[in-house]
There are 2 protein chains.
Amino acid sequence: MKAVLEKNKIERETILEKLNWRYAVKKFDPAKKISESDWEILEDALDLAPSSMGLQAYKFIVVTDQETKEKLKPAAYGQTQITDASHVVVFAYKKTLTDADIDQYIERVAKVREQTRESLEAFENSLKSAVSQAIEGGYIETWNSRQPYIALGMLLETAALMDIDATPMEGFDAAKVNEILGLNDYSAVAICALGYRDVENDWLASLPKVRMPKDELIQRI
Amino acid sequence: MKAVLEKNKIERETILEKLNWRYAVKKFDPAKKISESDWEILEDALDLAPSSMGLQAYKFIVVTDQETKEKLKPAAYGQTQITDASHVVVFAYKKTLTDADIDQYIERVAKVREQTRESLEAFENSLKSAVSQAIEGGYIETWNSRQPYIALGMLLETAALMDIDATPMEGFDAAKVNEILGLNDYSAVAICALGYRDVENDWLASLPKVRMPKDELIQRI
């Protein structure tokens, strides 16, 4: 029993070591690819991220096809991470939500948790009312577009824990990315390129992190 | 050397085990508090999160004062996590950015990286132009309000890795929270309650996670 507990404990200093090691890579080594078994863990992290009311009103498009990366690159203003990285993930949020989306979700909750639809009626109604309020209030896109950033944070951390590099990017033309990927109901809001840093050719690799003074960033009450 | 490498490697399955263990706690044990040494690691995770162009245009308000929690609770529609959790973090984004903010940031970059202001001129200009475009385009708030969600994702994952529970929340009246905390230039966009689950009194603790079919969530190209 002791051995199992030891095995499953993650050292605090190791977490910080990995988070300090992480930085937004400017130059990936195009020859180094993320293994399929490692990639599956990163996809699991995306899947396990929480989202508002559990709705997962987003989609992740994972691009490894070099031709598609070449198409995406000009839409990301020529940033070489797009074509050099092993995997490129496009984070796209659902532009709106319908009653049909909620119904499908409630069906899934009922099935997975072995509950009746009736027992979920109050939950269903609160979801539908929150969504229609967001649509009427004109903030459904703002709301939905924030959710994938939680998954982005978890992808970045999971990658760092696995000694895999990543670059989160917002500098791209979303309309062009949507067109290239054939997105209609969804819209690209962030991109994350993942792979392995090319230390010798990345000017940022050796520079220290710049952060706000901690007492300005975090206030304790 | 071998021993060091072993020590710093995090097992893939342990990461997934922790992410599967994580869920949005409905009932915290009010008697269990997060230790100060653990809390400092969670603050480091918030600090180490990346943000658009490194600007950290946000602020984290950490509430442990019970009286303040009691004031916040009605603004969060009476959710008991606010008062039962050990620590409550309010994620607030900066409503706008000025040239002074950018100047301050560039000064910090120059100092930390031992670079001259002149060598950072191109970077400074690109930041200022991106920010004024966002202000003119009316999307500065949307943009800034997404950034803290990356830190939220990393806080949730770091907590899970440390066997600490958390509940991300968006169900609150931001105007009231801003008023209680005296926020003016910033606005609350998310809250995260952290502590330890009360397994026996939390109806959600034993229920399985509900997720979209993976091939709908993740598309590979």
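Hi everyone. Let's start with a sheet in which five strands line up in the order β3(A)-β4(A)-β2(A)-β1(A)-β5(B). This sheet is open, and its pairing is mixed. Look at the last name in that order: β5 comes from chain B. At the edges stand β3 of chain A, residues 165-169, and β5 of chain B. Each of these two has a single partner strand, so one side of each is left without a neighbour in the sheet. Neighbouring strands here are turned by 25° against each other on average, if we ignore direction. And please keep in mind that what we have on screen is a predicted model.

Let me zoom in on one pair inside this sheet. Strand β2 of chain A, residues 87-94, and strand β4 of chain A, residues 186-195, pair in the antiparallel sense. Eight bridges join these two. If you want a spot to click on, find Y93(A), which stands opposite S187(A) in β4(A).

Now, over to the other sheet. Which strands form the open sheet that begins with β5(A)? The order is β5(A)-β1(B)-β2(B)-β4(B)-β3(B), again five strands with mixed pairing. Its edge strands are β5 of chain A and β3 of chain B, residues 165-169, and each pairs on one side only. From one strand to the next, the twist averages 25°.

So how does the strand from chain A join in? Strand β5 of chain A, residues 218-220, runs parallel to β1(B), and three bridges join the two. Here you can look for I218(A), which stands opposite F60(B) in β1(B). At the other edge, β3(B) runs antiparallel to strand β4 of chain B, residues 186-195, with five bridges between them. D165(B) has G195(B) in β4(B) as its bridge partner.

Let's step back to the whole contact between the chains. How many residues does each chain bring? Chain A gives 77 residues and chain B gives 77 residues. Together the chains bury about 7,600 Å², with 58% of that on carbon and sulfur atoms. There are 44 residue pairs in polar contact between chain B and chain A. On the side of chain B that touches chain A, several elements give two or more residues, including α1 (2-8), α3 (36-48) and β1 (58-63). The largest share there, 14 residues, comes from α8(B). By type, that side of chain B divides into 39 nonpolar, 14 polar and 24 charged residues.

On to charges. Side chains of opposite charge can pair when their charged atoms come close. Eight salt bridges are found across the interface of chain B and chain A. In one of them, K214(B) pairs with D44(A), with the closest N and O atoms 2.1 Å apart.

Over all chains, the structure holds 30 salt bridges. Among them is the pair K27(A) and D198(A), whose closest N and O atoms are 4.0 Å apart. What does this pair tie together? K27(A) lies in the loop between α2 and α3 of chain A, while D198(A) lies in the loop between β4 and α11 of chain A, so the pair ties together parts that are 171 residues apart in sequence.

That's my tour. Thanks for listening!

Definitions and conventions: Residues numbered from 1 in each chain as written. Chains lettered and ligands numbered in written order. Predicted model: local features only at pLDDT ≥ 70, side-chain atom pairs only at ≥ 80, totals over all residues. Heavy atoms only, no water. Contact = heavy atoms within 4.5 Å. Buried area = accessible area lost by both parts, 1.4 Å probe. Salt bridge = Lys/Arg side-chain N within 4 Å of Asp/Glu carboxyl O. Polar contact = N/O pair within 3.5 Å; in protein donor to acceptor, adjacent residues only side chain to side chain. Helix = DSSP H or I, 4+ residues; strand = E, 2+ residues; numbered from the N terminus. Nonpolar A, V, L, I, M, F, W, Y, C, P; charged D, E, K, R; others polar. Pairing = 2+ DSSP bridges. Axes fitted to C-alpha atoms, helices over the stretch in contact; angles between N-to-C directions.
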